Amino acid sequence: MADQSFDCVIVGGGPGGYVAAIRAAQLGMKTAVVEREHLGGICLNWGCIPTKALLRTSEINHLLHHLPEFGFSPVEPKFEIDKVVKRSRAVAKQLSQGVGFLLRKHKVTVFDGGGKLAGKQTLAVEKDGKPVATLTAPHIILATGARARELPGLEADGKLIWTYKQAMVPASMPKSLLVIGSGAIGIEFASFYRNMGAEVTVVEVLPRILPVEDEEISAFAHKAFEKQGIRIMVGANVKGAKKGRDNVAVSVEANGKGQDVTVDRVISAVGIVGNVERLGLEDTGVKVERTHVVIDEYCRTGEPGVYAIGDLVGPPWLAHKASHEGVLCVEKIAGLNDVHPLNVTNVPGCTYCRPQVASVGLTEARAKEMGHEVKVGKFPFIGNGKAIAMGEPEGMVKTVFDAKTGELLGAHMVGAEVTEMIQGFVVARTLESTETELMETIFPHPTISETMHEAVLDAWGKVIHI
């Protein structure tokens, strides 16, 4: 067992942890990462990246079924689910190995095991119950992430009831499935399996799907999904499930009426639980609320020298937010003078379903709740030449401005490639742009991004193409 001293030790090698480690090394700190499973964390191995590989396959499958619309003779596309999964896993492996290369490049020491606080400035590393090393560092960053939350009576068994992890590696393609939860994870899996030919039902306890999105965008997406054949039940509670030999009868109550929905598989996507266990937090000043560590604006916990970032702390629980926190945390530790606390309203949210959904800032309802007098602009994809040419006329962009100052309060989008386009509005908010700068910006033609410009113009009564 090795005893080693570092300037900074990060527990967890996900998108928060490994990015924090690289930035710390760039700033001259002797840095170590403790990772018990896979470098890249859930995001690279079982989340953001492999799901996008699966969704790309489902997009291709969808297009192959619509070849006549583009002048091709129809075909009967067939896929092999094992090969679909294999490609997804290969993409994840490639990127995970890339993280290892980056850490080696920056001379970050990686320890294979789990980390546990063991006194002031001390971290004990263990693997399979055996001690690996005792590390000391004045700065210890906890970046252990989170795991899927499970509903009582609907615990994942890996066969009939899945979490996101099992849903990414199906041994065979289910003919039908039910998705519990309509956040980003649930809707992405619903979209993937529907576009691959499965009958899909989505159950959401709240009154609408994608509940964190602007209400109009949520409603637009709801109609689009139903048009694709996805059955959506909102304001619905799952009361229980009865497992058969190769199917599940799920009891659902909606509008005061109960019904059983029998499907091949169930995907539970009802939120996350922070990985706060076995970290040695019990005798420290680290405070935990609802399974997540409490931090200040610079990611400091209540224990001196201990920090926390990413899914282990508060929302939004997104990889890019974790990476940003990792950077600002180590830059503050290094004493840089231009470190700014994270503004969560500038963190974009993206859902890679079909059609895609993306947003940043305040919804119209939230802006009004906060006392803003608002100007709202909207523009439909059907008014955009590039969207029509691509065969993607289904979509819209919505902008929310402060009527008095012209501040861009929020932007909300649904349609093809909006997850790529949202960054334009993110930059605008970061630069504190007003409607003037956005209206005077020249957008290239023909692009779908022109819908962004038109939505700004519409808010101020200057829209051209509707």
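Lys 30 lies over the face of Phe 6, at 4.9 Å from the ring centre. A second lysine does something comparable: the charged end of Lys 332 is placed over the ring of Tyr 298, 4.1 Å from its centre. Please keep in mind as you look around that this is a predicted model. Below, you can follow the aromatic rings, then one helix, and finally the cysteines.

**Aromatic rings that pair up**

- The count of aromatic pairs comes to four.
- One of them joins Phe 192 and Tyr 193, whose ring centres are 4.8 Å apart; their planes meet at 80°, over the 60 degrees needed, so this pair is edge-to-face.
- Phe 192 and Tyr 193 are both buried.
- Together with Trp 162, Phe 192 and Tyr 193 make up one aromatic cluster.
- Another pair brings together Phe 401 and Trp 460: with centres 5.9 Å apart and planes at 70°, these rings are also edge-to-face.
- That pair links distant parts of the chain, since Phe 401 belongs to strand β25 (residues 396-402) while Trp 460 lies in the segment after α13 (450-459), 59 residues apart.
- Phe 401 and Trp 460 are both buried as well.

**Helix α4, end to end**

- Helix α4 runs over residues 81-105, which makes 25 residues.
- At 1.5 Å a residue, α4 should span 36 Å, and its end C-alpha atoms are indeed 36 Å apart, so expectation and model agree.
- After α4 comes Lys 107, which has a positive phi, near 60°.

**Helix α4, the buried side chains and their cover**

- Which residues of α4 are buried? They are Ile 81, Val 84, Val 85, Ser 88, Ala 92, Ser 96, Val 99, Gly 100 and Leu 103.
- An α-helix has 3.6 residues a turn, so residues three or four places apart point the same way.
- Among the elements covering the buried residues of α4 are the helices α1 (17-26), α2 (41-46), α3 (48-64) and α6 (184-195).
- Strand β4 (109-112) is also part of that cover.

**Cysteines**

- How many disulfides does a search of the whole structure find? The search finds zero.
- Is Cys 43 buried or exposed? Its relative accessibility is 10%, under the 20% limit, so Cys 43 counts as buried.
- Cys 48 has a relative accessible area of 30%, which lies between the 20% and 50% limits, so Cys 48 is partly exposed.

Definitions and conventions. Residues numbered from 1 in each chain as written. Heavy atoms only, no water. Helix = DSSP H or I, 4+ residues; strand = E, 2+ residues; numbered from the N terminus. Expected span 1.5 Å × (residues − 1). Buried < 20%, exposed > 50% of the residue type's maximum accessible area, 1.4 Å probe, protein only. Contact = heavy atoms within 4.5 Å. Disulfide = S-S within 2.5 Å. Phe/Tyr/Trp six-rings, centres within 6.5 Å; stacked < 30°, edge-to-face > 60°. Lys NZ or Arg CZ within 6 Å of the ring centre and 35° of its normal.
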